Amino acid sequence: LDCRHYVTVTGVHGIMESQRDPELREIHERAGMCVPDGMPTVWLGRVHGHRGMRRVYGPDLMLALIERSAAKGYTQFFYGGADGVAQQLASTLSKRFPELKVVGTYTPPFRPLSSGEEKSLKDIVDLKKPDIVWVGISTPKQEKWMAAHQGKIEAAAMIGVGAAFDFHSHNKKWAPAWFRRMGCEWMFRLLVEPKRMWRRNVDNIPYVALVLRQGLQALFRRQR
């Protein structure tokens, strides 16, 4: 069965990238599921009446589905990460969940795949027919990759989880659970990876401005 759905795990950075990129916005709108990865998005949802809204954190989502996959026999394919990360991820998770079925890994180059590489990847995935293709190449590249391969590879679903590859393969430090619950993971990652994360965290400023503008517009509409 060719892949018909993909799941985007989206926080403030993904939202702001979608504001700047109409193509990415459409990709999020066409997703089989778009879940809130980030407490600011959850808090905003609750303000707008979604009281039961909870964060769907990419690494947590991945671990929960991996555990269920091991129990149910679902097969996994890992696409992404730096050299060796996908293989290390497969090994680490297989040790943690001995029943887990990993049917393949693929580490893409830091550039668009050539036509030959695309064909090779498609042949590999189509041969293995995984239930889940996990994609870890960061936003917005992973969302665009999943949308481009929707209906073109034989897999039940694709899920973009970004840094989960590095966290679960123990290549990067994971913020403590209490830090994540407070919505302060961005601060932890900024301290750990300042050169990479400072640009992404700049998106918090226009995000807050957009939220305030939206709130003021709603207030004015109610007063009319």
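## Close-ups of the sheet, its rings and a helix crossing

**View 1. Tyr 79 and its partner across the strands.** In this predicted model, Tyr 79 sits opposite Val 135, a residue of strand 5. Strand 3 and strand 5 (residues 132–136) run parallel here, joined by 5 bridges.

**View 2. The whole sheet, strand by strand.** Step back and there are 6 strands, forming an open sheet with parallel pairing. Reading across, the order goes 2-1-6-5-3-4. Strand 2 (33–36) and strand 4 (101–106) are the edge strands, each pairing on one side only. From one strand to the next, the twist averages 20 degrees.

**View 3. Helix 4 lying across the sheet.** Here we look at helix 4 (residues 58–72), which lies across strand 1 (6–10), strand 3, strand 5 and strand 6 (157–160). Against strand 5, helix 4 runs at about 155 degrees.

**View 4. Phe 78 meets Phe 165.** The structure holds 3 aromatic pairs. One of them is Phe 78 with Phe 165, an edge-to-face pair with 6.1 Å from centre to centre and 90 degrees between the planes. This pair links distant parts of the chain: Phe 78 belongs to strand 3 (residues 75–80) and Phe 165 to helix 8 (residues 164–168), 87 residues apart. Are these two rings buried or exposed? Phe 78 is buried, with a relative accessible area of 0%, and Phe 165 counts as buried because its relative accessibility is 1%, where the cut-off is under 20%.

**View 5. Tyr 79 stacked on Trp 145.** The ring centres of Tyr 79 and Trp 145 are 4.2 Å apart and the planes are at 20 degrees, so this pair is stacked. Tyr 79 comes from strand 3 and Trp 145 from helix 7 (residues 141–149), so the pair ties together parts 66 residues apart in sequence. Tyr 79 and Trp 145 are both buried. Which residues make up the ring cluster? Ring pairs link Tyr 79, Tyr 106 and Trp 145.

**View 6. Helix 2 crossing helix 7.** The axes of helix 2 (residues 22–30) and helix 7 come within 10 Å and cross at roughly 65 degrees. The crossing is left-handed. On the helix 2 side, the contact is made by Glu 23, Leu 24, Ile 27, His 28 and Arg 30; helix 7 brings Glu 143, Lys 144 and Ala 147. Sorted by class, this contact has 4 charged, 3 nonpolar and 1 polar residues.

Technical notes: Residues are numbered from 1 along each chain as its sequence is written. This is a predicted model: local features need pLDDT of at least 70, side-chain atom pairs count only at pLDDT 80 or more; totals for chains, interfaces and linings use all residues. Side-chain values use heavy atoms; hydrogens and water are left out. Rings of Phe, Tyr and Trp (its six-membered ring) pair if their centres lie within 6.5 Å; planes under 30 degrees apart count as stacked, over 60 as edge-to-face and the rest as tilted. Helices (H or I, at least four residues) and strands (E, at least two) are DSSP runs, numbered from the N terminus. Buried means under 20% relative accessible area, exposed over 50%, partly exposed in between (1.4 Å probe, protein chains only). Two strands pair if DSSP finds at least two bridges between them. Axes are lines fitted to C-alpha atoms, for helices over the stretch in contact, and angles run from 0 to 180 degrees between N-to-C directions. Contact means heavy atoms within 4.5 Å. A crossing is left-handed if the near helix is turned anticlockwise from the far one by less than a right angle, and right-handed if clockwise. Ala, Val, Leu, Ile, Met, Phe, Trp, Tyr, Cys and Pro count as nonpolar, Asp, Glu, Lys and Arg as charged, and the others, Gly among them, as polar.
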